[in-house]
Amino acid sequence: MYLFVYGSLLSHNSHNYLLKGCKFIGKAILEGFGLYKVSWYPAIVPKENSKVLGEVYQIDPSTLKKIDEFEDEGELYKRKEVEVILNDNRKIKAWAYIYLCDVDENNYIPFESQPWNG
């Protein structure tokens, strides 16, 4: 299974250690979602005509469980299967964490300012 990450789990950010041992598949784009700063961390929510730059990892069930706990799945984020576009234009299904709370449009991060560097 695959996981699309866009924030603190990115390879250059602090919590990427949670993906240690997972295979990096490549950079990817998720269309139809917007990236927002909601605190010291980012979040994505559905947003027309927007896209998010991230990375895809191949993960196992135990890693997915660990990430569910980290992301507070079901409370703060909902894990959802989405379609992402890899750099070679292949489309694959991957899990992504969608924010469950409201976002402030003033904290929208346009695609040109991504990836997240929080």
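The following paragraphs lead through the annotated region, the salt bridges and the surroundings of one proline in this structure. The model is predicted, and every value below is computed from it or comes from a record.

The annotated region comes first. An unreviewed UniProt entry assigns the annotation "domain: Gamma-glutamylcyclotransferase AIG2-like" to residues 3-117. Such an annotation may be inferred rather than shown by experiment. Within residues 3-117, strand accounts for 49% of the chain and helix for 9%. The C-alpha atoms at the two ends of this stretch lie 19 Å apart.

The charged side chains are considered next. Side chains of opposite charge can pair when their charged atoms come close. In this model there are 4 salt bridges, and three pairs are described here in turn.

One of them joins Asp 68 to Arg 79, with 2.8 Å between the closest N and O atoms. This pair links distant parts of the chain, since Asp 68 belongs to helix H1 (residues 61-70) and Arg 79 to strand S4 (residues 77-86), 11 residues apart. Is Asp 68 buried or exposed? Its relative accessible area is 16%; because the limit for a buried residue is under 20%, Asp 68 counts as buried.

Another salt bridge is formed by Glu 73 and Lys 78, whose closest N and O atoms are 3.8 Å apart. The cut-off for a salt bridge is 4 Å, so the pair at 3.8 Å falls within it. Glu 73 is partly exposed, at a relative accessible area of 26%. Lys 78 is partly exposed as well, with a value of 44%.

A further pair consists of Asp 88 and Arg 90, for which the closest N and O atoms are separated by 2.9 Å. Asp 88 has a relative accessibility of 47% and is therefore classed as partly exposed. Arg 90, at 46%, is likewise partly exposed.

The last stop is Pro 115, located in the segment after strand S6 (108-109). Its relative accessible area of 24% makes Pro 115 partly exposed. Which residues does Pro 115 touch, if residues up to four places away in sequence are not counted? The contacts are with Leu 10, His 12 and Leu 53. As for Lys 93, the separation from Pro 115 is 22 residues in sequence and 20 Å in space, taken from C-alpha to C-alpha.

Methods
Residues are numbered from 1 along each chain as its sequence is written. This is a predicted model: local features need pLDDT of at least 70, side-chain atom pairs count only at pLDDT 80 or more; totals for chains, interfaces and linings use all residues. Side-chain values use heavy atoms; hydrogens and water are left out. A salt bridge is a side-chain nitrogen of Lys or Arg within 4 Å of a carboxyl oxygen of Asp or Glu. Helices (H or I, at least four residues) and strands (E, at least two) are DSSP runs, numbered from the N terminus. Buried means under 20% relative accessible area, exposed over 50%, partly exposed in between (1.4 Å probe, protein chains only). Contact means heavy atoms within 4.5 Å.
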